[in-house]
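Trainee: I would like to learn how to read a structure step by step, beginning with one strand and moving outwards. Could you take me through it?

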Amino acid sequence: PDGTTLASCGADKTIRLWTRDTAPNTWTCKVILEDAHERTVRRVAWFPDGTKLAAASFDGTVSVWRRTASTWEVGAVLEGHENEVKCVDVDQAGIFLATCGRDKTVWIWELMDVGSGGGDAMDTDAGADEGLQPLEFECADLKRGHGGDVKSVVWHPCQPFFVSTSYDDSIRVWAHDPARDEWRCAQELADTASGGSAGHKGTVWNAAFEPMPARRDANAECRLATCSDDRGVIVWSATAAPGATADDPPQFHVQQSLADVHERSVLSIDWSRTGVFATGGSDDAICVYREAGLNHPFERVARVEHAHEGDVNCVTFCPAVGEDGSALMATAGDDKMVRLWTI
């Protein structure tokens, strides 16, 4: 979270932690986390304090690693999905995890007090050697709103709601309902039968919220960018709905649609604190987008052909901005490579 360590994962069933060396533009793998999963590790997500890391695997489980005085260890393994877990993300408070998978479900997990001994908590015996108690998670809710594989879950960086994206061409916004103590779908963002201008026309692979420091002014709208099999990107803006309470997330509408930004499916998207966002696609390319100014549309300002020798499965920005105002971006591809870019 502070930009000093990069986590990567892959089909070799491991997680690798890379740290920046003193030599310019050099990162070194310092730690390999292994033996927790039996199949591909599809996604990793940091907890806000940087002491824990969650990993989603095609073996149907999610592992939660924690840093000890001398190493990293598995603190918990979350089980429940019927098959491949496609994504995991952690909320801004480090309390809730959202996971999703091929079984069309979204799970919300709550981190309980360590050692509290809650009833249905999922835990492991990790940490016994150093006297550490297991991390304990409870399933706070299980949602079945999507009609296909759920490809990604992404928490808002500052507010207590998240979105999920799916093979059913839709995005759903999930928020907690304190009156019923459950999570509800507050909005579905999908293409309409008439007009066809309200959403994507293919699998929605990924989503990214605009980081709050990148907002144009104190009254700026919450914004979300999504990418799809339809080769396009949609930027959504949101404001509070009339009569909304503090527990209601904002309502999203299409701000701008960018069509055919890639030659094939757009698989990943991320938004930088510098205000630009980037995409990676199955055409092996990465693209970068920027607003020309306040109330101006986004434009594609850069495209790198053959960024990887295969699909670009992930693009992600370092949360720290360079002293010169630059953004550092990491990309991962089917070529088993992680590449770093300065924008």
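Mentor: We begin with the word strand itself: strands are DSSP runs of E with at least two residues, numbered from the N terminus. Please keep in mind that this is a predicted model. One residue to start from is Asp89, which lies in strand β8.

Trainee: Is Asp89 buried or exposed?

Mentor: Buried means under 20% relative accessible area. Asp89 has a relative accessible area of 17%, and therefore counts as buried.

Trainee: Which residues does Asp89 touch, leaving out those up to four places away in sequence?

Mentor: Asp89 touches Ala45, Phe96, Leu97, Ala98, Val153, Val154 and Trp155. With Trp155 there is also a polar detail, since a polar atom of the Asp89 side chain lies 2.8 Å from the backbone nitrogen of Trp155.

Trainee: Which residues of the largest nonpolar core touch the most other members?

Mentor: That core has 17 residues, and those touching the most other members are Phe47, Ala54, Val62, Val64, Val88, Leu97 and Phe137. Two or more residues come from each of β5 (52-57), β6 (61-67), β7 (72-79), β8 (85-90) and β10 (106-111). Apart from this core lies another, of 16 residues, including Phe161, Leu189, Val204 and Trp236. Returning to Val88, its contacts beyond four places in sequence include Ala54, Val62 and Leu97, as well as Arg43 and Val153.

Trainee: How many disulfides are there?

Mentor: A disulfide needs two cysteine sulfur atoms within 2.5 Å, and by this rule the count is zero. For Cys29, the closest cysteine sulfur belongs to Cys9 and is 13 Å away, which is too far for a bond. Cys87 is in no disulfide either, as the nearest cysteine sulfur, that of Cys100, is 5.0 Å away. The surroundings can be read as well: Cys29 is partly exposed, with a relative accessible area of 24%, whereas Cys87 is buried at 0%.

Trainee: How should I read a sheet, and which strands stand at the edges of the one with β25?

Mentor: In general, strands of a sheet pair through backbone hydrogen bonds, either parallel or antiparallel. Here three strands form an open sheet in the order β24-β25-β26, with antiparallel pairing. The edges are β24 (312-317) and β26 (338-342); each has a single partner strand, so one side of each is left without a neighbour in the sheet. From one strand to the next the twist averages 20°.

Trainee: How many bridges join β25 and β26?

Mentor: Strand β25, residues 328-333, pairs with β26 over five bridges, and Ala332 has Val338 in β26 as its bridge partner. Val338 also leads back to our starting residue, for Asp89 and Val338 are 249 residues apart in sequence and 20 Å apart in space, C-alpha to C-alpha.

Technical notes:
Residues numbered from 1 in each chain as written. Predicted model: local features only at pLDDT ≥ 70, side-chain atom pairs only at ≥ 80, totals over all residues. Heavy atoms only, no water. Core = buried A, V, L, I, M, F, W, Y, C linked by side-chain atoms within 4.5 Å. Buried < 20%, exposed > 50% of the residue type's maximum accessible area, 1.4 Å probe, protein only. Helix = DSSP H or I, 4+ residues; strand = E, 2+ residues; numbered from the N terminus. Contact = heavy atoms within 4.5 Å. Polar contact = N/O pair within 3.5 Å; in protein donor to acceptor, adjacent residues only side chain to side chain. Pairing = 2+ DSSP bridges. Axes fitted to C-alpha atoms, helices over the stretch in contact; angles between N-to-C directions.
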